[in-house]
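User: Could you take a close look at one part of this model for me, the sheet and what packs around it? Keep it informal, and follow the thread wherever it leads.

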Amino acid sequence: GAWQQVVQRHDVLRTGFLSMAQPPLQWVARSVETPWLERDARAEPNLRQSLDDWASEDLARGFDLVQPPLARLLAIRTGQDSHHLVWTAHHLLLDGWSLSRLMGEVLSAYAGAALPPQAVRYRDYIEWLQAQDAVAHEAYWRGQLARLDTPTHLSQVLPRPAQAQPGHGRCIRTLDSSETQRLQTFARAERITVNTLVQAAWALLLARHSGQRTVSFGVTVAGRPTELRGADQVLGLFINTLPMIVGIEAGRPVGDWLRALQAQNLASREHEHTPLHEIQRWAGQGGGQGLFDSIVVFENYPVDQALKASSPGGLSFGEIAHSEESNYPMTLVVRQADTLGLQFGFMRDSFGEQTASAIADRMRHLLLQLVDAKAGCLDRLELLDPATLQTLQSWGAEREQPAVLRDASLHGLFEQQARARPQAVALVFGEHRLGYAELNARANRLAHRLIELGVRPEARVGLAVERGIEMVVALLAILKAGAAYVPLDPAYPSDRLAHMMEDSGIALLLTHSEVQPGLPPSGPGVQVLALDTLELQSVPDHDPAVAQHADQLAYVIYTSGSTGKPKGAQLCHRQVVRLLGSTQDWFHFGADDVWTLFHSYAFDFSVWEIFGALCHGGRLVVVPFWISRSPDDFLALLREQRVTVLNQTPSAFRQLMTARGLYEEADLSLKHVIFGGEALEPQSLRPWIERFGDAQPRLINMYGITETTVHVTYRPITALDLEVPRSPVGVNIPDLGMHVLDPDLHRVPAGCAGELYVSGAGLARGYLNRSGLTAQRFVADPFDAAGGRLYRTGDLVRWREDGQLEYLGRLDHQVKVRGFRIEL
């Protein structure tokens, strides 16, 4: 028959593969019989489903690569004069162009026409390949690879399905005839092909999802050399997959970029026969998916046209359907006719249906935007549609807060509590206790002395003391005098303290006579005051009458950073006061709460601990350093002092969970355990939750940064979080805004990683004496017409589909140890 005649005519249709040989070999049988099966579907109640099921069953049978033929036919009778033909073949035999040629030859033979002689055989192509200049190909591809910093894996930057499914899925998007005509007209005007236009849109889609400036994906090329006459008439696997490496320059005009991409395509044509595995090897990427996990296939072999053009009289063809599966997680097949069809084939274990559908929608959106953006630049193109952008904006939007505490100062709130509850215990350190009135009086005496010494509003006063009563007294006194405190933890390395003392420009250093000898020299312009040697009994103890406002500097805390040297973040009273007010609806802190000051006062978690207690009328228990490092003793202190509010870095809390007797007795008074300072892995809390549950005390994760005033987010941790390996940080504090952006400040889709930018009332003034760094980290807010600022956190996060934020890690080389940033 016609099929058998064509099989005997072409060696490749009688080819098997010896994959166990080294190197693997092809062998050609002298003759084979093409398997032909018949079925009758006329009685099937659901004809379409039955046809699809039988085709899937045939595909699932696979092939024995050693034994040709690697193709078979299934003819299914669907009516008196109609059949459904299923041709299943292994992709090692043929490419799409060959399929079109094959169908044409079969129909010509079926009609009785003589087939033309073959001028070239597939083996001639193999010989031509082996004669190519391998050195020139390697030089070209090494040059391309040098542009790529890291492979582009779309499946790794999107969340995987919660329950991975086997097999492949498919979703289709179509540009109608009018839209397709617009694309073609635009492409002609820009002197590019529609193929290049599709590749450009896919490159943009990958860049916006991955955050990479340069991306890579696979493209298929026909691979039929024009130098080999008659190569277009040969059946065989000529197609090749090559990496397309595309740089995204945000400020570049769209037209210029597209023409450069077209030129790159033309240059690659000279080297398109290079095997992909060789290019992968030069890149140092083993395996078939090292450089990319997505490919774009632009089909230009119209099988349906071949069938219609070659069909004998009386024979007509209906719908032609292709079903191909690649070994890449995402394959975009583009078919151009009167309309442009985009078929997204995806592995179900890498992409969920909803994710694949969203990718398809975004690709269509980008294609149409490219056509409309000829005169604009790449950074004006938006991956997401307006409704999606609005959703992302609403998830992290700032919300207006009541102005009740807007103009208050920190020490002013403390003074209100001292007047309202003078005899209530404010401060505990070991056996020592201070009531609110006494603590206020002692802080006032020292404040008056500081004013006598010339301390003025906005002055910066160094504080280098050990934990204890005097530390809190001195800190309040500095604020009451109108100044800002600069915490200098005596435990810090001497060179770090020396830098902080010099950089902060302090003219006065408060310390203790036992601490002073271990401090670095303070410099000629710095007055040093030992608090334990002061005689303050004759100094007034009323509140100083110092004119102050909420935007006055409250403290300068030094943090490490990607620049190496510590930098001083400047925070005002307003930022801390609004933090306390905007979180109160969640916590309802009050006078019956007992807090611990567990952390160093040079770590901004201490700001929350100190003022969270004293501004709400609660009790602050200062934890001696040695107890903070002894889980057993710290647990005893929590029980003895009946602590209700515990703030911990996750690493410190893990130590507490090892304390002896923790799980035997249920006599803790804790209402809130608040985590901050470093990433929380909820799975680490399993022993605690299994013993105490997640409701009493509540476990709250609060992501934050010094530059945005301690905390940014709020997320209760529940038993359900133990089941998923992630670090959820939740929703924004109401008067802060959160934006997850790519390197060009575009919003990133839900599920994709981006850098977190924070806006709103909690942003610091900036870095002391570091205007350049301030300008780099505190940038103009492109979403705020009023001219607000964004803080670039350097943290990698992503939105979840429920509008909650998830922490992924750092963008730089910092880690956090007990909340402190450490540069690697």
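Analyst: G218 has its bridge partner in β9, and that partner is I295. The model is a predicted one, so read the pairing with that in mind. The two strands involved, β7 (residues 214-221) and β9 (residues 294-299), run parallel to each other and pair over two bridges.

Zoom out a little and you get the sheet itself: six strands, open, in the order β6-β11-β10-β9-β7-β8, with mixed pairing. At the edges stand β6 (168-175) and β8 (240-247); each has a single partner strand, so one side of each is left without a neighbour in the sheet. From one strand to the next, the twist averages 25°.

Helix α7 (residues 177-190) lies across β6, β10 (330-336) and β11 (340-347). Against β6, this helix runs at about 80°.

Now for the packing. The largest nonpolar core has 163 residues, and W202, L510, W608 and F611 have the most contacts inside it. Helix α8 gives the largest share, eleven residues. Domain 2 (122-310 + 326-384) and domain 3 (404-625) both contribute residues, so this core lies between them. As a general point, nonpolar side chains in soluble globular proteins tend to be buried together. There is also a second, separate core of 30 residues, with V594, F653, L668 and L685 among its members.

L510 is worth a look for its surroundings. Beyond its neighbours within four places in sequence, L510 is in contact with L446, L450, V461, G462, L463, A464, V465, A474, I478, L529 and L531.

Back on α8, which spans residues 194-210, you'll find R208. R208 is buried, at a relative accessible area of 7%. Setting aside neighbours within four places in sequence, its contacts include L378, D379, L381, E382 and L383, and D742, H746, V748 and P749 are also in contact with R208.

What about cysteines? A search of the whole structure turns up zero disulfides. Take C752: the closest cysteine sulfur, in C171, is 15 Å from its own, which is too far for a bond. C752 is buried, with a relative accessible area of 1%, whereas C377 counts as partly exposed at 25% relative accessibility.

One last bit of layout: the domain assignment also gives domain 1 (2-93), and the C-alpha centres of domain 1 and domain 3 lie 81 Å apart.

Notes: Residues are numbered from 1 along each chain as its sequence is written. This is a predicted model: local features need pLDDT of at least 70, side-chain atom pairs count only at pLDDT 80 or more; totals for chains, interfaces and linings use all residues. Side-chain values use heavy atoms; hydrogens and water are left out. Helices (H or I, at least four residues) and strands (E, at least two) are DSSP runs, numbered from the N terminus. Buried means under 20% relative accessible area, exposed over 50%, partly exposed in between (1.4 Å probe, protein chains only). Contact means heavy atoms within 4.5 Å. Domain bounds come from an automatic or database domain assignment. A disulfide is a pair of cysteine sulfur atoms within 2.5 Å. A nonpolar core is a set of buried Ala, Val, Leu, Ile, Met, Phe, Trp, Tyr and Cys residues joined through side-chain atoms within 4.5 Å. Two strands pair if DSSP finds at least two bridges between them. Axes are lines fitted to C-alpha atoms, for helices over the stretch in contact, and angles run from 0 to 180 degrees between N-to-C directions.
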